[in-house]
Amino acid sequence: MKITISGGRVIDPVNQRDEVVDVFIDGDTIIGLGRTPAGFKPARVIDATGAIVCPGFTEVGARLREPGAEHKATIVSELEAAAASGFTTVCCMPDTNPVIDTPAVVELVNQRARGVRGARVRCIGALTQDLGGSVLAEMAALKDIGCVGVANAGHALRDSNVLKNALAYAATLDMTVFLDAEDPWLAAQGCMHEGAVSTRLGLPGIPAAAELIGLGRDLVLLEDSGARAHFRTLTCGRSIKYVNNARKTGLEVSASVGISHLVLTDEDITRFDGLFHVRPPLRTRRDRARLIRGLAEGQVEVLSAHHEPHDADAKAGPFGATAPGISTFDSFLPSMLQLVEAGHLDLMRAIDAAAVQPARVIGNASASLGVDALADICIFSPGELWTLSADTMMSSGKNTPLLGRSMKGRVLATLVGGRIVFERKA
Amino acid sequence: MAQDSIQLDSQGRLKHFLTTEHLPRSLLTAILDNAERFTVVGDRAVKKVPLLRGKTVVNLFFEPSTRTRTTFELAAKRLSADVMNLNIEASAAKKGESLADTLRTLEAMQTDMFVVRHHESGAPEFIARQVGPEVSVINAGDGRHAHPTQAMLDMFTIRRYKRDFTQLKVAIVGDVAHSRVARSEIHALKTLGVPEIRVVGPKTLLPRGIEALGVDVHHSLETGLAGVDVVMMLRLQQERMQSALLPSGHEYFHTFGLTPARLKRAKPDAIVMHPGPINRGVEIDSAVADGKQSVILQQVTHGIAVRMAVMSMAMGTAAQAS
């Protein structure tokens, strides 16, 4: 289909473009910007006046809950929610049931996603069989079927020798390894950041040292293996220095921060409200400030949703007994814009962190709005005000502490490969 | 702070008793004054008052307890309430029933008050937010968070012996990290105006950021006890005596055990308290536990009166101010 997106402010970090210009799409490709290409007769014109047109966002590690926990969410529900939130590609973590450790499960995920009017899904395969941490998964087969990388998905690899070999094997296959930096012993009993707040509430803490030691070990082993790695959702300010130093010594590492960790801190946990329970935990104001600066300066490349939908029962209990995770797709864009409005980072860099860098991490060289680029596009109104509620949320998981809060900024339309997969009804 | 209004109703009266934190001094004092009136009930031939007649109190214990449950049961019975003891640890939770479902079932039995002990910090607050507007929740100890009735009976005991809170130096000694009693004591002592509160223990047993609660941190009994009016010992759980936190009960006694010699550092008229059950020869020497400065047994007696006070206030049948 031929589509014109007219009158929008195009922000394209790859081409450093920020101007009001029309975008022309034919099939799955952007064929021109500015002047209408000769003989171009659009079947659809999307009026983007007053809106921002940017490359669609990519999520480097969401939980879609299917297969295995369809009472929380499904591939269809979450890919639709993702599209309504500006995402065009979502990477699915392998800790499903069954685990994504064979091509058959990848096929199943792809099958479910087929024909969905939503974001496209890419699988991250398991690093070890059944995420058990002892036997390597068939990574070559996972790569052949299209996995964008491998991960042990929150199941800490206790045995450093297994990790060492897993990294070496992944390096052999030129696969990206997605790592959760966490020392399992220091984190074992905890459910929130260890500090003055956890002490006051009497909740067992996860010290910053858990992340730093996990990160330190992983970086040493990466140096050894030469594997390419992405650290998911760093939460400690000091972690940024570790990653920076590793980059300077030539390691191929990238990192992400979670949107929740940039808008909330441990001080928000005041009433044992399980909706604030997330792993890795919300840290201090100081950590948050350092993470935001790291994101603004590009020391952390990727802004991730770290989307983890849950059913209501999973959050119905005292804080420590609830399942960790926050449903973030629906509030992702407004939260990101909140950081921009506060002057912490400019809009160009924010879009770069949400769209361009994560695409790079999963091997899509360019998420741009240049001519000949794949038409993965998000169109959003930066000023629209709305309230986040169970009714306005698209995700099946209504588990977010931001429920009831006023949101500024809303996605109007999303195109995946030139196809309009989401359009907000006026 | 908004989150704390749950303990008080719109008129500022006690509705739930979940923590000693953020409650006004007048209310804590009212608990102590009411308890004072109830102490005489135990001395009568007929140990009953009709304040909770017709009310149903459910002791909801998700964690084993004999002492606390018994004193709550006695307190409720002396107030003429009907009491039901539910040891959930051994029943529903084991069958995989969720806390929310257990509650719905019990509420359907038209309970007026839940006395809750739970291993998760915040569980009583969660329950208080779930139950209907007529139901009160009393925290009988949650995780490491709070044990407010224990703290109030300790305050009651201190007031009996020391009168004026605003002139006191108090030392809390031992495993503060895992102690809900210590946290509730600290908040209550602060609110009642105690100017100097110390926590004393090895670094493995004092939690990070404890200073933020307004206490001074000491790592030796010698400095920690110097000149104090009140020594509040904490129980050291058996499983922590020989662990990554401490090498042995023996070494703990050697370094942090309260002996007659160490107690000499405190003021000559200092009182020694312990929430029980005590580990003789671990945190406290028998000579101190049974000595003339010990008020440990008095604490137990006061526990019933304080719990009667809290229960009748939460049910709206006792004065909310002095």
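Select Arg232(A) to begin: in this predicted model, the residue is buried, with a relative accessible area of 4%. Add Asp180(A) to the selection and you will find the salt bridge that Arg232(A) forms with this residue, the closest N and O atoms being 2.8 Å apart. The pair links distant parts of the chain, since Arg232(A) sits in the loop between strand S15 (228–231) and helix H8 (237–248) of chain A, while Asp180(A) sits in the loop between strand S12 (176–179) and helix H5 (184–187), 52 residues apart. Unlike a buried residue, Asp180(A) counts as partly exposed, at a relative accessible area of 26%.

Stay in chain A and select Asp376(A) together with Arg120(A), whose side chains meet in a salt bridge of 2.6 Å, N to O. Asp376(A) belongs to the loop between helix H12 (347–361) and strand S18 (377–387) of chain A, and Arg120(A) to strand S10 (residues 120–126), so the pair ties together parts that are 256 residues apart in sequence. If you colour by accessibility, Asp376(A) counts as buried at 12%, whereas Arg120(A), at 26%, counts as partly exposed.

Next, select Ser331(A), which is placed in helix H11 (residues 329–341) of chain A. The residue is buried, with a relative accessible area of 4%, and, when residues up to four places away in sequence are not counted, Ser331(A) touches Leu388(A), Leu402(A) and Met407(A).

For the last stop within chain A, show strand S9 (residues 87–92) of that chain, which is mostly covered, six of its six residues being buried. Strand S8 (residues 57–62) of chain A pairs with S9(A) in the parallel sense over four bridges, and a convenient place to see the pairing is Ala62(A), whose bridge partner in S9(A) is Cys92(A).

Now bring both chains into view and turn to where they meet. How many residues of chain B are in contact with chain A? There are 22 on the chain B side, in contact with 19 residues of chain A. The two chains bury about 1700 Å² between them, of which 59% is on carbon and sulfur atoms. Across this interface the rule finds two salt bridges and five residue pairs in polar contact, both residues of each pair being at pLDDT 80 or more. To work through the chain B side, select helix H4 (123–130) and helix H6 (180–191) of chain B, which are the elements that give two or more residues to the side touching chain A. Of these, H4(B) gives the most, with four residues. By class, the side of chain B that touches chain A has seven nonpolar, eight polar and seven charged residues. Then select Arg208(B) and Glu194(A), whose side chains meet in a salt bridge at 2.8 Å, N to O.

Moving into chain B, display strand S8 (residues 230–233), from which Val230(B) and Met232(B) point one way and Val231(B) and Met233(B) the other way, all of them buried. Add strand S5 (residues 169–173) of chain B, which runs parallel to S8(B) and is joined to it by four bridges; here Val173(B) stands opposite Met233(B). Strand S9 (residues 271–273) of chain B also runs parallel to S8(B), with three bridges joining the two, and Met232(B) stands opposite Met273(B) in S9(B).

From S8(B), step into the loop between that strand and helix H8 (238–241) of chain B and select Gln237(B). Gln237(B) is partly exposed, with a relative accessible area of 31%, and its C-alpha atom is separated by 9.1 Å from that of His178(B), although the two residues are 59 apart along the chain.

Another loop worth opening lies between strand S1 (56–61) and helix H2 (67–78) of chain B, where you can select Ser65(B). At 13% relative accessibility, Ser65(B) counts as buried, and its side chain reaches the backbone nitrogen of Arg69(B) at 3.4 Å.

Finish with charged groups in chain B. Select Arg104(B) and Asp101(B), which form a salt bridge with the closest N and O atoms 2.5 Å apart. Being three residues apart in helix H3 (residues 99–107) of chain B, the two are separated by about one helical turn; Arg104(B) is partly exposed at 49%, and Asp101(B) is partly exposed at 34%. As a last selection, show Asp33(B), Glu36(B), Arg159(B) and Arg160(B), which are linked in a network of salt bridges.

Methods
Residues are numbered from 1 along each chain as its sequence is written. Chains are lettered from A and ligands numbered from 1 in the order in which they are written. This is a predicted model: local features need pLDDT of at least 70, side-chain atom pairs count only at pLDDT 80 or more; totals for chains, interfaces and linings use all residues. Side-chain values use heavy atoms; hydrogens and water are left out. Contact means heavy atoms within 4.5 Å. Buried area is the accessible area (1.4 Å probe) that two parts lose on being put together, summed over both. A salt bridge is a side-chain nitrogen of Lys or Arg within 4 Å of a carboxyl oxygen of Asp or Glu. A polar contact is a pair of N or O atoms within 3.5 Å; within protein, one must be able to donate a hydrogen and the other to accept it, and residues adjacent in sequence count only if both atoms are side-chain atoms. Ala, Val, Leu, Ile, Met, Phe, Trp, Tyr, Cys and Pro count as nonpolar, Asp, Glu, Lys and Arg as charged, and the others, Gly among them, as polar. Buried means under 20% relative accessible area, exposed over 50%, partly exposed in between (1.4 Å probe, protein chains only). Two strands pair if DSSP finds at least two bridges between them.
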